[in-house]
Amino acid sequence: MAMAKLVNSFNYILLSLLFLCANNMLHSMAQWPKGGSTRFYDFKVQMLKVNKLCSTRDIVTINQMYPGPVVYAQEDDRIIVKLTNETPYNATIHWHGVRQMLSCWSDGPSYITQCPVQSGQTFTYEFTLVKQKGTLFWHAHFSWLRATVYGALIVYPKTGVSYPFKYPYEEHIVILGEYWQRDLVQLEKNVTASGGGAPVADAYTINGHPGPNYNCSINDVYKINVVPGKTYMLRLIGALLNMESFFTIANHKLTIVEADGEYTKPFTTDRVMLGPGHTLNVLVTANQKIGRYSMAMGPYMSAKNVPFQNITSIAYFQYLGATPNSIALPAPLPIFNDNLAVKTVMDGLRSLDIADVPKEIDTNLFFTIGLNVNKCGSKTPNQNCQGVNGGVMAASMNNNSFIRPNFSILRAYYDHINGDFTEDFPGSPLRFYDFVNGAPNSPPNNTGSMNGTRTKVLEFGSRVQLILQDTGTITTENHPIHLHGYSFYVIGYGSGNYNPQTATFNLVDPPYMNTIGVPVGGWAAIRFVADNPGVWFMHCHLEIHLSWGLAVALIVKNGQGPMETLPHPPSDMPRC
Ligand code: C2O
């Protein structure tokens, strides 16, 4: 089925080539060694009326599809997506996991690399999937719109190159999401204005379907029909908004073969955990009795005292020959705070081959990540200070809550415009203490953060090691930290405070990822070479934490020569 669509998109080549030529004269983009095709997609941001959970709502979508259209490509292909915004909201699209070599302008986060595309406007994203293949995804990157604006980005190996495992009989995309019966842009405004936490999602969804555990959803369920004895590859995508999630299939084993678009050594497990921003390819063999089995997703919540949706979402893994309406065998999910289940999966992730990990380090960084409560400064505390102990909730890196400016940081940096950001983000915390256990847990102790649009500047080519350290301020929590424009080697992680004396690193076959779930009350160590110039957002992929400021922008300077220099901005860059 996937292949059929792939072939279809070759029809666009001619059109796309014409388009590319015209475009190149305008943009003068750096040229990649040719070999890939160019694929053109038309993305219209449009409202769609959907009937879910017993009520009808208008949701924001791409091309009135929920989940959105799948972008298919092959390694080294050029992707051109024309985005036209036909909704009243601002919009942008981020290509999550795409390294955007020399194409930072097309990365997509609002106010970081571009101004949002306003109602009635268009913008064309253009990038090359340089040396990338696997399961990635795209999502909106304005306010909380990505709750419904997301879809898969599937990159096949080059023609003639096979997978490093036996070809599955079929492949299926399985996107884990959250459904909200609310206007998501309004919701973000309301939540941040309240100073308190976010309400819980109305449902979890698998490919947009809540499944039979929810009201009015008996038939709103995703299903995969399987042939007994065959092996299937599921391309799992974590597109959740404010939650992390377990995924399992009743009576079946999952063999992980790829994580975040990079092959891994096969690792077999009963269940996996996906934070928002994670993708995992798993192989499943239909080797059980003929029947209908549940594929289930349920909450992973490592923070204390945070409410969450507790109804699990079910889809069917249904054997050919099973009685059509048979009861599905229930899938045992771990309990919501099973940190060990999460660690077990992480321990199993090893890159397939010997990894090219930087051994020498030029830039050592240490970022704390966690929550804060700021003092109430409002005259109407009942409305605006609904956080812990009557304070205002915040989140931070190195105790800086990131404020998104009203202008594109990349543009301001490129044009040497002052005033939109500063370059003083500290490379390590201003104060070292027992981050996990010694944190002051309630105001009026010092739990506040500083606000600012602080960036960290990196020299081109610097070999970076970054320690991410969870803090216990308010509560410890597993934070899925995502870096735009790069994958990084996850060389180590552990619980408690990072201790260079005792920490052990895997410099041989660590996984190469774009999102790392930093263990609850623990740390993770990552390494990458800063070889892609631009402004790269790094943030917690739990949207509420991003709204609260758990983010930083890394500026990677140009190197020398055209292949180390960010090209000019496209001429159709939106204005703020
Ligand atoms: Cu998938 Cu900045 O995000």
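Reader: Let's start with Gln64: what does this residue count as at its relative accessibility?
Author: Happy to begin there, and please keep in mind that this is a predicted model. Gln64 has a relative accessibility of 43%. Buried would need under 20% and exposed over 50%, so at 43% Gln64 counts as partly exposed.

Reader: Where does Gln64 lie, and what is its phi?
Author: Gln64 belongs to the loop between β2 and β3. Most residues other than glycine have a negative phi. Gln64 is not a glycine, yet its phi is positive, at about 55 degrees.

Reader: Which peptide bond is cis, with omega near -10 degrees?
Author: Most peptide bonds are trans. The cis bond leads into Pro67, which is found in the loop between β2 and β3 (71-74). With omega near -10 degrees, this is the bond from Tyr66 to Pro67.

Reader: What about His416: is it buried or exposed?
Author: His416 lies in the loop between α6 (409-414) and β23 (450-452). His416 is not a glycine, but it has a positive phi of about 55 degrees. Its relative accessible area is 70%, and the cut-off for this class is over 50%, so His416 is exposed.

Reader: Which strands are the edges of the open four-stranded sheet?
Author: The order in this open sheet is β2-β1-β4-β6, with mixed pairing. On average, its neighbouring strands are turned by 20 degrees against each other, direction ignored. The strands that pair on one side only are β2 (55-62) and β6 (122-128).

Reader: Which residue in β2 is the bridge partner of Lys52?
Author: Strand β1 (residues 38-52) and β2 run antiparallel and are joined by eight bridges. For Lys52, the bridge partner in β2 is Ser55.

Reader: How many residues of strand β19 are buried?
Author: Both faces of β19 are covered. On one side the buried residues are Ser313, Ala315, Phe317 and Tyr319, and on the other they are Ile314, Tyr316 and Gln318. Of the seven residues in β19 (residues 313-319), the number buried is seven.

Reader: Which residue in β19 is the bridge partner of Ala296?
Author: Strand β11 (residues 223-226) runs parallel to β19, with four bridges, and in that pairing Val226 is matched with Tyr319. Strand β18 (residues 292-300) runs antiparallel to β19, with six bridges. There, the partner of Ala296 is Ile314.

Reader: Why do the buried residues of helix α4 line one face?
Author: In α4 (residues 339-347), the buried residues are Ala341, Val342, Val345 and Met346. They line one face because, seen down the helix axis, they fall within an arc of 135 degrees.

Reader: What distance separates the C-alpha atoms of Tyr179 and Thr205?
Author: Tyr179 lies in strand β9 (residues 170-179) and is buried, with a relative accessible area of 0%. Tyr179 and Thr205 are 26 residues apart along the chain, and their C-alpha atoms are separated by 6.6 Å.

Reader: Which residues lie closest to the centre of the largest pocket?
Author: The largest pocket holds about 950 Å³ of space. By class, its lining has 16 nonpolar, 10 polar and eight charged residues. Of the 34 lining residues, those closest to the centre are Arg99, Lys131, Glu262, Tyr489 and Tyr512.

Reader: Which strand gives the largest share of that pocket's lining?
Author: At least two lining residues each come from β14 (254-259), β15 (262-269) and β30 (522-529). The largest share of the lining is three residues, and it comes from β15.

Definitions and conventions: Residues numbered from 1 in each chain as written. Predicted model: local features only at pLDDT ≥ 70, side-chain atom pairs only at ≥ 80, totals over all residues. Heavy atoms only, no water. Pairing = 2+ DSSP bridges. Axes fitted to C-alpha atoms, helices over the stretch in contact; angles between N-to-C directions. Buried < 20%, exposed > 50% of the residue type's maximum accessible area, 1.4 Å probe, protein only. Arc of directions from axis to C-beta. 1 Å grid on protein atoms, 1.4 Å probe; cavity = no way out; pocket = protein on both sides within 12 Å on 5 of 7 lines; lining within 4 Å. Points joined across faces, edges and corners; volume = space filled by probe spheres on them. Nonpolar A, V, L, I, M, F, W, Y, C, P; charged D, E, K, R; others polar.
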